[in-house]
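Colleague: Could we go through this model together, step by step? I should like to see how each answer is reached.

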Amino acid sequence: MAALCVASQFDPGADAVLFEGDCRDLLPTLPDGSVQLVVTSPPYNLGKVYETRVDLEKYLEQQAQVIAHCVRVLRSTGSLCWQVGNWVDDGEIVPLDLVLYPLFVRHSLHLRNRIVWHFGHGLHATRRFSGRYEVILWFTKTDTYTFNLDAVRVPQKYPGKKYFKGPKRGELSGNPLGKNPTDVWEIPNVKANHVEKTIHACQFPVELVERLVLALTNPGDWVLDPFMGVGSTVIAALMHQRKAVGAEIVPEYVRVARERITAAEEGRLRVRPMGRPVYEPEASRATLPPRKVSLRAAQPPLALHGTEQNR
Ligand SMILES: C[S@@+](CC[C@H](N)C(=O)[O-])C[C@H]1O[C@@H](n2cnc3c(N)ncnc32)[C@H](O)[C@@H]1O
């Protein structure tokens, strides 16, 4: 990247816009139908340092305002991707995608995938199973939407596999460009030693956004992140010759986003490569022999359906 124009208010001639403030003040300045992709991870209303916890209804009202603006600025071929996890209240979870879904549907958006983002690190729960996935709701504005599948194919499991009978005998059975990455994505989250880690507690990995940018936009298109954080969406967009506009209320995060863009321009920003296999420690790769099970062991007999009497 070289000599990028980074503005602080929306400017159609800029390469990137980093707006310091509430996204509800930025969004009205964007023209109708100007954005090809909205991708964001909003606050989850958990009382993190950057948010004030409010009741769920109030939170959904605030989200509805932002979503309405996003739909207005979205182009007819465009996509909207909302990446969320759970809201937790007194140990009970509310999957945010469930409660947010109606807010998108009221704008007649079309849900194309509910992508499961699976990752390895997080809090260790003691009263429920530890959460290790979040979701991305991918909506399109219309049925005529951009989807560049070839740009995001991943290696086949058996790349040279051929048909061994039938009219296609001897031909490759899979697409030589790779396979569809499916709706379950295995991408490490940005914790501890991740190369992209900044001061932000909840940044998402650039690789996650790159896949959406490549599949759902073309070079030169605008990508919007209303809850920009430290600019991971902006970086992913600029890396692939798209333009990016984001808003962030915490000035310190905007500063980090600017620094990351400068580092990328100077070729010194560290980003995890797309498609790198997830590291697995030696021990977890060890194969265990199959178990031998005996139902006649010391325990009392199980009440199975097919007992001697009723068989
Ligand atoms: C989950 S974080 C997003 C992190 C981002 N995806 C990244 O990779 O850095 C949500 C961000 O939204 C910001 N935020 C919360 N309310 C906002 C608002 N009304 N307008 C703009 N930003 C807001 C928070 O400060 C926080 O940085």
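Modeller: Two strands pair if DSSP finds at least two bridges between them. Please bear in mind throughout that the model is predicted.

Colleague: In the hairpin of strand 5 and strand 6, which residue takes a positive phi?

Modeller: Strand 5 covers residues 86-89 and strand 6 covers residues 92-95; the two run antiparallel and are joined by four bridges. Because pairing requires at least two bridges, these strands count as paired. Two residues lie between them, and the one with a positive phi, near 55°, is Asp90.

Colleague: What is the bridge partner of Trp87 in strand 6?

Modeller: Strand 5 and strand 6 are antiparallel neighbours in the hairpin. Across from Trp87, the bridge partner in strand 6 is Val94.

Colleague: Which strands are the edge strands of the open sheet?

Modeller: The sheet is open and built from nine strands with mixed pairing, in the order 1-2-11-10-3-4-8-7-9. An edge strand here pairs on one side only. The two that do so are strand 1 (6-7) and strand 9 (184-186).

Colleague: Which residue in strand 11 stands opposite Leu224?

Modeller: Strand 10 (residues 222-225) and strand 11 (residues 243-248) run parallel, and four bridges join them. Opposite Leu224, in strand 11, stands Val245.

Colleague: At about what angle to strand 11 does helix 5 run?

Modeller: Helix 5 lies across strand 2 (16-20), strand 3 (35-40), strand 10 and strand 11. Helix 6 packs on the sheet too, touching strand 1, strand 2 and strand 11, and its direction makes about 160° with that of strand 2. For helix 5 against strand 11, the angle is about 175°.

Colleague: Are helix 5 and helix 6 roughly parallel or roughly antiparallel to each other?

Modeller: The axes of helix 5 (residues 232-239) and helix 6 (residues 251-265) come within 9 Å and cross at roughly 25°. Angles under 35 degrees count as roughly parallel. Helix 5 and helix 6 are therefore roughly parallel.

Colleague: How many residues of the contact of helix 5 with helix 6 are nonpolar?

Modeller: Val234, Ile235, Leu238 and Met239 in helix 5 meet Ala257, Arg260, Ile261 and Ala264 in helix 6. By class, none of these residues is polar, one is charged, and the number of nonpolar ones is seven.

Colleague: Are helix 4 and helix 5 oblique or roughly parallel to each other, and why?

Modeller: Helix 4 (residues 206-216) packs against helix 5 with the axes 8 Å apart, at an angle of about 50°. Angles under 35 degrees count as roughly parallel and 65 to 115 as roughly perpendicular, so about 50° belongs to neither group. Helix 4 and helix 5 are therefore oblique.

Colleague: Is the crossing of helix 2 and helix 3 left-handed or right-handed?

Modeller: The axes of helix 2 (residues 56-73) and helix 3 (residues 96-105) come within 10 Å and cross at roughly 35°. Leu60, Gln63, Ala64 and Ile67 in helix 2 meet Val99, Leu100, Leu103 and Phe104 in helix 3. As for its hand, the crossing is right-handed.

Colleague: Which residues around the ligand come nearest?

Modeller: The shell around the ligand divides into eleven nonpolar, five polar and three charged residues. Of the 19 residues there, those that come nearest are Tyr50, Gln203, Phe227, Gly229 and Ser232.

Terms used:
Residues numbered from 1 in each chain as written. Predicted model: local features only at pLDDT ≥ 70, side-chain atom pairs only at ≥ 80, totals over all residues. Axes fitted to C-alpha atoms, helices over the stretch in contact; angles between N-to-C directions. Parallel < 35°, antiparallel > 145°, perpendicular 65-115°, else oblique. Contact = placed C-beta atoms within 7 Å. Nonpolar A, V, L, I, M, F, W, Y, C, P; charged D, E, K, R; others polar. Near = placed C-beta within 6 Å. Left-handed = near helix turned anticlockwise from the far one by under 90°.
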